[in-house]
Amino acid sequence: MAVLTVKDLCKTFGAGTARSNRVLDHISFDVSGQVFVAIVGPSGCGKSTLLNIISGVEDHTSGDVSVTRDGGGPARLGYVFQDPRLLPWRSVHRNMMYVQDSADEATRARVERYLDMVGLAAYGDYFPGQLSGGMQQRVGIARAFAVEPDLLIMDEPFSHLDAITARGLRAQLQAIWAQSRKTVVFVTHDVVEAVELSDRIIVLQPGGRIFEDIPIDLPRPRRQSDPAVAMLQAEVLARLERMTAAVTAPARSM
Ligand SMILES: Nc1ncnc2c1ncn2[C@@H]1O[C@H](COP(=O)(O)OP(=O)(O)OP(=O)(O)O)[C@@H](O)[C@H]1O
Ligand SMILES: [Mg+2]
């Protein structure tokens, strides 16, 4: 598990040029422990930029970001992206091993265990091109968990999948996460998905400010068929619609 601290974070692309674009505007939040946090917001509001800054891929303009292991020391990060990003010329097993520090017996056993958890134990020798998109995404999830990250970062991992496959993967993700004690930051524009999976939803508004930080206090495992889940989904969706209306209202009145 990890301790993530984001303080007064700002990001401007093209600062000082005619194309200057302030994408994140004084963002602050803390996450620690076995917590599943969703970051939700409309397209272009800076969700991926925020993840890229947290993971160190992108610089920030001002403010502070720190990720440490629970109990101190540098944190190990794992990633799952929208597309699985598997190397097509490597088998599933070799794709999983590629991101591991060691090829010892314990590592191989761990890789097999996570492949098994996503239901792909029999597919270790297959190549990505021989798997469906959903199966490839499951390999991507297993690969991220198998590096045993303190912080797992996921950027819309199910958005390219059909609704039924995505629902199955959300259930698997919940089950693996419950056993694995990791801190997860999960980006999605899908409020329904965010309520099903997370303990907390941070809503970003266009212009890159936090609009709301909503605790989701529902028992797990959560089922889409549970009326309490459906009610909270409708409520959070209504709040987001109000946000969108409030943010776009001045533009309409011009
Ligand atoms: N490398 C870059 N250079 C310049 N501008 C960028 C760069 N990356 C992102 N942006 C801009 O930052 C803004 C936020 O982009 P970002 O990808 O973070 O949005 P997002 O919330 O993840 O959207 P989506 O839901 O569509 O994935 C956009 O206006 C985008 O054009
Ligand atoms: Mg994005």
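Lys 11 lies over the face of Phe 13, 4.8 Å from the ring centre. A charge is said to sit over a ring if NZ of Lys or CZ of Arg is within 6 Å of the ring centre and within 35 degrees of the ring normal. Arg 85 offers another example, with its charged end over the ring of Phe 81, 3.8 Å from the centre.

Before going further, please note that this is a predicted model, in which local features need pLDDT of at least 70, side-chain atom pairs count only at pLDDT 80 or more, and totals for chains, interfaces and linings use all residues. Residues are numbered from 1 along each chain as its sequence is written, chains are lettered from A and ligands numbered from 1 in the order in which they are written, and side-chain values use heavy atoms, with hydrogens and water left out.

Let us start with the overall layout. The domain assignment gives domain 1 (2-76 + 151-160 + 181-253) and domain 2 (82-148); such bounds come from an automatic or database domain assignment. The centres of the two domains, taken over C-alpha atoms, are 27 Å apart. Where they meet, 10 residues of domain 1 are in contact with 8 residues of domain 2, contact meaning heavy atoms within 4.5 Å.

Now look at the rings. Two rings of Phe, Tyr or Trp (its six-membered ring) pair if their centres lie within 6.5 Å; planes under 30 degrees apart count as stacked, over 60 as edge-to-face and the rest as tilted. By this rule there are 6 aromatic pairs. In one of them, the ring centres of Phe 36 and Phe 186 are 5.6 Å apart and the planes meet at 45°, so the pair is tilted. Phe 36 belongs to strand β3 (residues 36-40) and Phe 186 to strand β7 (residues 183-188), so this pair ties together parts that are 150 residues apart in sequence. Helices (H or I, at least four residues) and strands (E, at least two) are DSSP runs, numbered from the N terminus. Both Phe 36 and Phe 186 are buried. Here buried means under 20% relative accessible area, exposed over 50%, and partly exposed in between (1.4 Å probe, protein chains only). Ring pairs also join Phe 36, Phe 158, Trp 177 and Phe 186 into a cluster.

Trp 177 leads us to helix α5. How far apart are the end C-alpha atoms of α5 (residues 163-180)? They are 25 Å apart, which agrees with the 26 Å that its 18 residues should span at 1.5 Å a residue; the expected span is 1.5 Å times one less than the number of residues. At the N-terminal end, Asp 162 caps the helix, with a side-chain oxygen 3.1 Å from the backbone nitrogen of Ile 164. This is a polar contact, a pair of N or O atoms within 3.5 Å; within protein, one must be able to donate a hydrogen and the other to accept it, and residues adjacent in sequence count only if both atoms are side-chain atoms. Just past the other end, Arg 181 has a positive phi of about 50°.

The buried residues of α5 include Ala 166, Leu 169, Arg 170, Leu 173 and Trp 177. An α-helix has 3.6 residues a turn, so residues three or four places apart point the same way. The buried residues of α5 pack against β3, α3 (105-117), α4 (133-146), β6 (151-155), β7 and α6 (191-197). Ser 180, also in α5, is buried at 12% relative accessible area. Leaving out residues up to four places away in sequence, Ser 180 touches Tyr 114 and Phe 145. Met 117, in helix α3, is partly exposed at 24%; with the same sequence neighbours left out, Met 117 touches Gln 172, Ile 176 and Gln 179.

Next comes helix α4, where 13 of the 14 residues are buried. Its end C-alpha atoms are 20 Å apart, which agrees with the expected 20 Å. Gln 136 lies in α4 and is buried, with a relative accessible area of 19%. Beyond its neighbours within four places in sequence, Gln 136 is in contact with Pro 84, Leu 86, Pro 128 and Leu 131. Just after α4, Glu 148 takes a positive phi of about 50°.

Finally, we return to Lys 11. Thr 61, in the loop between α1 (47-54) and β4 (62-69), touches Cys 10, Lys 11 and Thr 12, not counting residues up to four places away in sequence. A polar atom of the Thr 61 side chain lies 2.8 Å from the backbone nitrogen of Thr 12. Thr 61 is partly exposed, with a relative accessible area of 42%.
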